[in-house]
Amino acid sequence: MAHFVLKKDLKLGVATAATQIEGGDTGSSWNDWYKKGRIKDGSNPARANDHYNRFREDTDLLAFMGMEIYRFGVEWSRIEPEEGKFSQEALSHYREEILLLRERGIMPLLTLHHFTNPLWFEQIGGFESARAEEIFLRYVEKVVGFVGDIVSEYITINEPNVYATNSYFFGVWPPGKSSFKSVIRIYRNFTRCHVGAYKLIHSLRSKMGFSDTQVSFANHIRVFEPKCRFNPYHIICAVLLRQLFQTAITKSLSWGKKAFPIGKIKDITPGKYYDFISINYYSRSTVASFADGVKRGAPLNDLGWEIYPAGIVESAKMLYDLYKAPIYITENGTCDNEDKFRCRYIFEHLKAIAENHLPITRYYHWCFIDNFEWIEGESARFGLVHVDYETQKRTIKRSGNFYTQIIREHGVSEYLFNEYANQEYKFGND
Ligand code: BGC
């Protein structure tokens with residue numbers, strides 16, 4: 001008996017981000033953050049997985065594991081180490097990597113911005129700068145001009161809300177600011193950058209003769225739930241947090257439309273600036289104030305995030321009802337340092353996807369390999385593949401083998417479930 005069979009048109013793969021796996025680069029805002037001692041375990045993003053040198057071995061591993069699709073990023077600070085000066089070496093490197101993926105039958109989805117900025121850009125104000133749009137679009141033009149013939153799918157910006165909140169509200173990510181005004185400025189400039197990049201990528205590829213271009217931005221979507229469903233204050237907090245953290249930015253970037261509190265943006269014509277709905281889904285927030293909270297007694301991952309599989313479909317439905325486009329789950333995964341419950345996590349999230357009627361056509365598990373997890377450094381493991389950071393040895397985890405089997409069978413049989421996914425979660429306090 002099959003536990004579930006995935007829909008025929010759902011493709012499965014994994015995701016990564018340049019700074020989190022490449023190593024070697026020292027010109028980004030996160031290297032600076034490391035130097036300032038802001039990474040909890042002191043690990044250096046210049047180490048990470050050394051993927052920049054090992055991309056051939058890693059591409060073989062992706063193919064060996066049966067990946068059909070792969071979302072990954074390019075590092076802006078490598079490509080444009082000085083303002084306006086582009087590195088032919090870096091561009092050629094990425095071209096070679098993409099060609100290799102294609103040769104192995106793995107379809108790439110390319111992320112252009114994933115939380116990190118070249119330091120020179122950060123120093124002139126980053127995405128707060130009045131020049132952000134011009135500078136970002138010049139970079140996008142260079143990248144897409146170089147690889148546009150071999151990549152049809154793009155994410156312009158990864159999780160604008162998480163970036164703005166952590167970097168400009170809580171101040172825990174570079175540049176470490178705490179200002180609501182800055183958050184709004186970032187949101188407005190991200191809208192300009194995304195809308196501009198959306199149009200630019202379409203126009204560049206159509207000049208190259210392609211009509212299959214797919215562009216979106218990756219939305220970090222959480223489920224916001226009031227701690228007590230009858231408490232008006234909890235309800236207001238949940239509604240406002242949802243609006244401030246995700247509804248407004250999604251509307252602004254997707255449609256270029258006025259959204260509270262971002263407002264109307266001069267020179268942006270309302271339109272449709274996405275070809276697919278991109279969702280990064282991890283967890284649910286149970287709120288009783290204007291802060292994140294976790295449901296009592298809920299299953300938790302190693303970072304204390306609630307494991308709430310139904311939320312993947314609730315989030316997808318919420319966006320689909322408004323935006324009506326194919327849905328790509330561009331990230332979903334968990335921090336499980338000992339790989340004790342990841343199989344069950346994957347099983348439950350994919351089961352939720354299999355058992356609904358939404359047009360979810362891609363699932364990218366986060367992450368292919370353990371990596372540099374921002375301020376958690378190397379201490380938080382999200383990978384299907386274990387990495388020994390000292391030796392850089394890669395070992396496929398149990399969950400990696402499970403995922404490979406799921407791809408092969410396009411579902412989970414009773415046998416596979418019993419072999420892998422019959423695992424225990426750990427629970428928070430009641
Ligand atoms: C980010 C990733 C990150 C993951 C796990 C997502 O919000 O896009 O870069 O590693 O969450 O924290």
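**Exercise 1. Find the side chains that make polar contacts with the side chain of D370, and state whether D370 is buried or exposed.**

Step 1. The side chain of R381 is in polar contact with that of D370, at 2.6 Å. A polar contact is a pair of N or O atoms within 3.5 Å; within protein, one must be able to donate a hydrogen and the other to accept it, and residues adjacent in sequence count only if both atoms are side-chain atoms.

Step 2. The side chain of K397 also makes a polar contact with the side chain of D370, at 2.8 Å.

Step 3. D370 has a relative accessibility of 0%, so D370 counts as buried. Buried means under 20% relative accessible area, exposed over 50%, and partly exposed in between (1.4 Å probe, protein chains only).

Step 4. D370 belongs to the loop between strand 10 and strand 11. Helices (H or I, at least four residues) and strands (E, at least two) are DSSP runs, numbered from the N terminus.

The model is predicted: local features need pLDDT of at least 70, side-chain atom pairs count only at pLDDT 80 or more, and totals for chains, interfaces and linings use all residues. Residues are numbered from 1 along each chain as its sequence is written, and side-chain values use heavy atoms, with hydrogens and water left out.

**Exercise 2. Describe the surroundings of the ligand: which residues come nearest, and how much of the ligand does the protein bury?**

Step 1. There are 13 residues around the ligand, and Q20, H114, E159, E331 and E373 come nearest. A residue is near a molecule or strand if one of its heavy atoms lies within 4 Å of it.

Step 2. Sort the shell by residue type: 6 residues are nonpolar, 4 polar and 3 charged. Here Ala, Val, Leu, Ile, Met, Phe, Trp, Tyr, Cys and Pro count as nonpolar, Asp, Glu, Lys and Arg as charged, and the others, Gly among them, as polar.

Step 3. Look at the oxygen atoms of the ligand. A polar side-chain atom of E159 is 2.5 Å from an oxygen atom of the ligand. For H114, an N or O atom of the side chain lies 2.9 Å from a ligand oxygen. For W374, the distance from a side-chain N or O atom to an oxygen atom of the ligand is 2.9 Å.

Step 4. The ligand taken alone exposes 310 Å², and the protein buries 94% of that. Accessible areas come from the Shrake-Rupley method with a 1.4 Å probe; for residues, only the protein chains shown count as cover.

**Exercise 3. For W374 and Q392, give the sign of phi and state whether each is buried or exposed.**

Step 1. W374 has a phi near 45°, a positive value in a residue other than glycine.

Step 2. W374 sits in the loop between strand 10 and strand 11. Its relative accessibility is 4%, so W374 counts as buried.

Step 3. Q392 is also not glycine, and its phi is positive, near 65°.

Step 4. Q392 is part of the loop between strand 11 and strand 12 (393–396). With a relative accessible area of 7%, Q392 is buried.

Step 5. For comparison, most residues other than glycine have a negative phi, and most peptide bonds are trans.

**Exercise 4. Which peptide bonds, from F260 and from W366, are to be classed as cis or trans?**

Step 1. From F260 to P261 the peptide bond is cis, with omega near 5°. P261 lies in the loop between helix 10 (232–255) and strand 7 (277–287).

Step 2. W366 and C367 are joined by a cis peptide bond with omega of about 20°. C367 is in the loop between strand 10 (360–365) and strand 11 (385–388).

**Exercise 5. Compare separation along the chain with distance in space for F417 and H3, and for S283 and K258.**

Step 1. F417 and H3 are 414 residues apart in sequence, and their C-alpha atoms are 7.5 Å apart. F417 is in helix 14 (residues 414–421) and is buried, at 15% relative accessible area.

Step 2. S283 and K258 are 25 residues apart in sequence, with 28 Å between their C-alpha atoms. S283 is part of strand 7 and counts as buried at 2% relative accessibility.

**Exercise 6. Place S182 and name its side-chain partner.**

Step 1. S182 is in helix 9 (residues 180–207). Its relative accessible area is 2%, so S182 is buried.

Step 2. The side chains of S182 and E128 are joined by a polar contact of 3.0 Å.
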